[in-house]
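Got your viewer open? Load the model below, and let's take a walk through it together.

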Amino acid sequence: MRLPTQAIKNYQFVLIMVLLAVMVGTHSLLTMPRTEDPDLAFPNYTVTVIYPGTSPEDMEELVVNPLEDAIDELDDIVEVVSTIEEGLAVIQVEAEFGIDYDRKNDELNREINAIRDELPDNIFSLNVEQFKPEDRTKIIQLALVSETASYAKMDETEEDLQDVIESVAGVKEAEIEASPDEEIRVALDMERMVHQNISVDQVAYALTDQNMNIPGGDLSSGSRRFNIETSGSFKTLDQIRRIPVRGNQGKLVYLEDLAEVFYANEDLRWLARHEGTRAIFVTVKRKSGENLVQITEDIHKKLDQFRSELPPDILMEVAFEQAPAVSNRINGFFINLLQGIVLVGLVIFVFLGYRSSMITMTVIPIAMIIGIGVLDLLGFGLQQISIAALVIALGLLVDNGIVVIENIVRFRKKGYSFLEAAAKGTSEVGYAIISSTLTTVFAFAPLAMMQSGPGEFLRSLPVTVMIVLAISLVLALIFTPILAGRFLKDNPPKKPRRVESWISSSIERFYRPALKKVLRRKGWVVTAAILLFVGSGMLFPFIGVSFFPTADKPMLLIEVDTPDGANLYETDRAVRFVESVLDTTAFVEDYTANVGHGNPQVYYNRIPESYKKNHGQLLVNFREWDPPTFYATLDQFRESFERYPGAQITFRELKNGAPFNAPIEIRVLGKQLDMLKALSYRVEEIIRKTSGTVDVDNPLSINRTNLKVDINRDKASLAGLSVASIDRTVRAAMSGLEVEEVTMENGEEYPIVLRLPVEEQTSVRDFDKIYLASRDGAQVPLRQVAETRFESATNQILHYNMQRSTSVTANVTNPDNTTTITEEIIMGLNQVNWPDGYSYYVAGEYETQQEAFGDLTNLLILALVAIFAILVLQFRSFSQPLIIFSAIPLAITGSFIALFITGWSFSFFAFVGFISLMGIVVNNSIILVDYANQLRSEGRTVYEAIIESAETRFTPIVLTTTTTILGLLPLTLSNTSLWSPLGWTIIGGMLSSTALTLLIVPILYQWFTKVEEPVL
């Protein structure tokens, strides 16, 4: 290999290029965005429809079915799940990964807009959102708190605060949330309307007609042109009050004769508090790719000034901010990285001496910094995945340098000059380290191609490792020889150092006799290795399988659900009970309560509920992340919340990974709601009987109660009343009917809402106040043409891929046991006699896990095929790659034993570590077999070649294994459920593979290498 020699001759050019690359990388390190988790993009879309007061059955027929038919016209749609409740429908659409996500979003909007005219006119809102966590997740949640200030006054303050925050560079949007919208209320006096023979329809028509703003065009007169101004739309409340509704006996009846007209807040649909005091929120979203930590610092500078301008009766509190967690997490990873560098440096110093260790250690920061620069160019940021990838790569990137520098030192001891030793030592191992690096890269490469939610979350890890390894290979081949040629002593040492003597003595006294002994007892040794492998595999059921781990954050989201049909105030009572528990818990730092809506989204995979009167959510911040206290507090919460009889109060820890409704979710599919309900009871029973499940929820188990206005169509027809007119009048009276939007003189838009003049929540008695105007002008009481009665109704209807379904969900007491619990539930479901046309579908965490583990299994096979192909190309043999592959089952042995001893389950990241291990452990076998082949080409016998190769490569094999393990050790010992399983999987595999490779590979080499076989 001539590359090292050319690099030494042109060392000045090489040094300049390395220096420039380091400068670029340093700039990237200082400026690239910092976040806690990667910026993710998913082909997931949510269609949310709010249509207040509409039953689930009507929502299904009028809204969901047409929307689903339109969505079904699109290509590349994988799954459509619709949740239909009173007044709310949420349609979740999942498309294929790898497509153009933004284009699919445009197609979805186009299809829905095309049928918009077919949907009911009174829909409150219809939104289509693409699931982009960085667009939805708030980096800061501020609470404007006041018990006495009016909402109007708080709105003025929060609008000023919104402007201040949006002036900060990097802020995408500041949103005002939990603040009731202001409207123009037309409070109808039904008795006056009866006396004047005026109907609600007439008032609505008058408002619409008088608010027309039709341009009058222009008029030419002589040489001049004049614009014609017409009456235009409303600008003041007085104009609205003075609109004529109709003439009665030669006298005009104005709106002010029939109603009070004033500014008012809409009925509360989202009630918020911070630390028990009424609040509204201003939340902040950052622009994609911007530095979250820097944005937060800039916002706080603005807030410090804004606080001094607040009204005395309004306080501003920080309910949530992400930056401290991001800084702590990134700083923690950098500390792990520095600890790893120190440990690796100490080992290299002990083994190779001062000068050799300095050369090798110089490569580490250079490779890291250049790698960060390349990551920045590729659009990645600094977050826990990419920094952890640097920690993983730490022990691997020095391997090439260690092998090169150790070989250069060996040639120096043989008497070569420092330049000759640098060139010859690097060239001799050049192909071996290229091959070993490629095998490691090809182990990580399939992970970078994983097309799924977990793949998107993980992608920066394999990309980072591959970049850093490629850079370390280039540096080992061209930069390390230059440094060695310049800094190693010109005169070889006269006597070996103490460590070198100890290593040589250990090889002679222990390793050489052991190696010769196992070569005489090949069958016994290989049999023992196989039995050890089988035995470790038998540990797997005791290790257990889990998916994504918990997030290890001092934060909790508590869900409060009252029975379907409960009003906002009943839900508020349940939420206040939870607040009373939090007030007496010392470990709680602060909390934020939401009634009728979920808390603004503060974690990327926990999507809040929107506008459900029977739902509340509390965001709880704890004082610190202290696992024993955290889990003890959760146990106390669970015990306390079970005592409240009027609501289901649940919580689950924040977890990494893709979003899902609950850890356990069983969908029952079929047509008839009655049969779905009966089957859901059976599923609920099976789940409740399964140990480890809690908070079982079956939305069909309890019917809601509706107040039915049953119109007698015959009576209505005889009275000259249309059904549509009756419906509009009832809606206007009881819930409010928006008839028009106006832009007032202050430039703000307001809806005009007709309703009864009620200060409190409407009641059943208010139906007696409703009168209907017939076509002939007569006023007919509602009770004469309609009967009001309470009746049972469906709580919720679900659709799965356009088919009716229901869903029974549950949480688990131990997240690591989710897979085992789900499989036990499946066994029970398989014993149910399912009617024709009805079936079940396992969703939740289990579904995502099976898909992800299936993808990882395919990637593992792909990685093994790629590694084998590289080895065949290098060794031009099929037998020798098989010899090298023997390291893989030897590594599996150690991985399983390590997970079993440490108590970690085989999680998604443990699987990732397992795939990574496949490319790492073969490196030792490669340099051993490659050198044995070189010795055979010089005339050695197979036995002589493998003995000398094993002894010569003993030091670099042990050294590279030690540095890889020590580089990973700080991250592994951090005791986090995300990284510790991955670390122990690699460390355990490296230990067993190295120990057994030094014994098993020589046996297999002697077995499978024919004496007469030529070495190419």
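What follows is a short tour, with something to select at each stop.

Before you click, know that this is a predicted model: local features need pLDDT of at least 70, side-chain atom pairs count only at pLDDT 80 or more, and totals for chains, interfaces and linings use all residues. Residues are numbered from 1 along each chain as its sequence is written, and side-chain values use heavy atoms, with hydrogens and water left out.

**Stop 1: a helix and what comes after**

Select residues 323–352, and you have helix 11, which has 30 residues. Helices (H or I, at least four residues) and strands (E, at least two) are DSSP runs, numbered from the N terminus. From its first C-alpha to its last, helix 11 reaches 42 Å, close to the 44 Å expected at 1.5 Å a residue. That expected span is 1.5 Å times one less than the number of residues. Now click on G353, just after helix 11: its phi is positive, about 95 degrees.

**Stop 2: N594**

Jump to strand 17 (residues 588–595) and pick out N594. Is N594 buried or exposed? It's buried, with a relative accessible area of 0%. The cut-offs here are under 20% relative accessible area for buried, over 50% for exposed, and partly exposed in between (1.4 Å probe, protein chains only).

Show side chains next, and find the polar contact of 2.9 Å that joins those of N594 and N599. A polar contact is a pair of N or O atoms within 3.5 Å; within protein, one must be able to donate a hydrogen and the other to accept it, and residues adjacent in sequence count only if both atoms are side-chain atoms. Leaving out residues up to four places away in sequence, N594 also touches others, including W270, F281 and Q617. Touching, or contact, means heavy atoms within 4.5 Å.

**Stop 3: Y611**

Move into the loop between strand 17 and strand 18 (615–622) and select Y611. Y611 isn't a glycine, yet its phi is positive, near 45 degrees. Y611 is partly exposed, at 31% relative accessible area.

**Stop 4: M802 and V808**

Go to the loop between strand 28 (797–800) and strand 29, where M802 sits. Here's another residue other than glycine with a positive phi, near 75 degrees. M802 is partly exposed, with a relative accessible area of 31%.

Carry on into strand 29 (residues 803–812) to reach V808. V808 is buried, at 0% relative accessible area. Which residues does V808 touch, not counting those up to four places away in sequence? Among them are I664, S680, V683 and N698. Finally, add L700 to your selection: V808 and L700 are 108 residues apart in sequence and 8.8 Å apart in space, C-alpha to C-alpha.
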